[in-house]
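Take a walk through this structure with the sequence at hand. The route runs from helices to charged pairs, then to the core and the pocket.

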Amino acid sequence: MKTLCIVSMFFLLISFPIFAQAQTDNKALFEKKCSICHKVDRATSKKKASQEWQATVMRMKTVNGAPINDDEAKRIIDYLSKNYGK
């Protein structure tokens, strides 16, 4: 049991910096892509559920022509949901 706790803590400590870097990258992606058309505070001043962020980002991509691919849209949705979710 003690070994399991030690191994679990080890993996947790290793994965946290990776997760933090991914969130930093997603924030930069959001700021770069979304600020092409509007100020980023237009989005960050709102709180939406994950499904609402998905609908918003996909509308920006498909209707408004935001220059993002599917992977970038997913990363932006993830960032907004985690940081500006309901």
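A helix here is a DSSP run of H or I at least four residues long, and helices are numbered from the N terminus. With that in hand, K33 can be placed in helix α1. The model is predicted, and its local features need pLDDT of at least 70.

Start with K33. Is K33 buried or exposed? The cut-off for buried is under 20% relative accessible area. K33 has 17%, so K33 counts as buried. Leaving out residues up to four places away in sequence, K33 touches P67, I68, E72 and I76.

One of those contacts is a charged partner. E72 and K33 form a salt bridge, with the closest N and O atoms 3.8 Å apart. E72 lies in helix α4, residues 70-84, while K33 belongs to helix α1, residues 2-34, so the pair ties together parts that are 39 residues apart in sequence. Side chains of opposite charge can pair when their charged atoms come close.

Now look at E72 itself. Its relative accessible area is 16%, so E72 is buried too. Beyond residues up to four places away in sequence, E72 touches L29, K33 and P67.

P67 appears in the contacts of both partners. Where does P67 lie? P67 sits in the loop between α3 and α4. P67 is partly exposed, with a relative accessible area of 41%. Setting aside neighbours within four places in sequence, P67 is in contact with K33, I36 and E72. The C-alpha atoms of P67 and K33 are separated by 7.0 Å, although their positions lie 34 residues apart along the chain as a sequence separation.

Next, the other salt bridges. How many does the count come to? The count is five. A second example is E52 with K86, whose closest N and O atoms are 3.6 Å apart. This pair links distant parts of the chain: E52 is in helix α3, residues 50-62, and K86 is in the segment after α4, 34 residues apart. The two ends have their own surroundings. E52 is partly exposed at 34% relative accessibility. K86 is exposed, at 71%. D70 and K61 also form a salt bridge, with the closest N and O atoms 3.2 Å apart. D70 is exposed, with a relative accessible area of 54%.

K86 leads on to K47. K47 lies in the loop between α2 and α3. With a relative accessible area of 52%, K47 is exposed. Which residues does K47 contact, leaving aside neighbours within four places in sequence? They are N83, Y84, G85 and K86. K47 and G85 are 38 residues apart in sequence, yet 5.1 Å apart in space, C-alpha to C-alpha.

G85 also opens a way into the core. L80 touches G85, along with F30, W53 and V57, not counting residues up to four places away in sequence. The largest nonpolar core has 14 residues. Among them, F30, V57, I68, I76 and L80 touch the most other members. Which elements give two or more residues to this core? They are α1, α3 and α4. The largest share comes from α4, with six residues. In soluble globular proteins, nonpolar side chains tend to be buried together. Two of these core residues, I68 and I76, were met earlier as contacts of K33.

Last comes empty space. Rolling a probe the size of a water molecule over the atoms shows where empty space is left. The largest pocket has a volume of about 330 Å³. Its lining has 20 residues, and the closest to the centre are C34, H38, A43, T56 and M60. At least two lining residues come from each of α1, α2 (41-44), α3 and α4. Which element gives the most to this lining? Helix α3 does, with five residues. By class, the lining has twelve nonpolar, three polar and five charged residues.

Look back along the route. A salt bridge pairs E72 in α4 with K33 in α1. Both α1 and α4 also give residues to the largest nonpolar core. Both supply residues to the lining of the largest pocket as well.

Note on methods. Residues numbered from 1 in each chain as written. Predicted model: local features only at pLDDT ≥ 70, side-chain atom pairs only at ≥ 80, totals over all residues. Heavy atoms only, no water. Salt bridge = Lys/Arg side-chain N within 4 Å of Asp/Glu carboxyl O. Buried < 20%, exposed > 50% of the residue type's maximum accessible area, 1.4 Å probe, protein only. Core = buried A, V, L, I, M, F, W, Y, C linked by side-chain atoms within 4.5 Å. Contact = heavy atoms within 4.5 Å. 1 Å grid on protein atoms, 1.4 Å probe; cavity = no way out; pocket = protein on both sides within 12 Å on 5 of 7 lines; lining within 4 Å. Points joined across faces, edges and corners; volume = space filled by probe spheres on them. Nonpolar A, V, L, I, M, F, W, Y, C, P; charged D, E, K, R; others polar.
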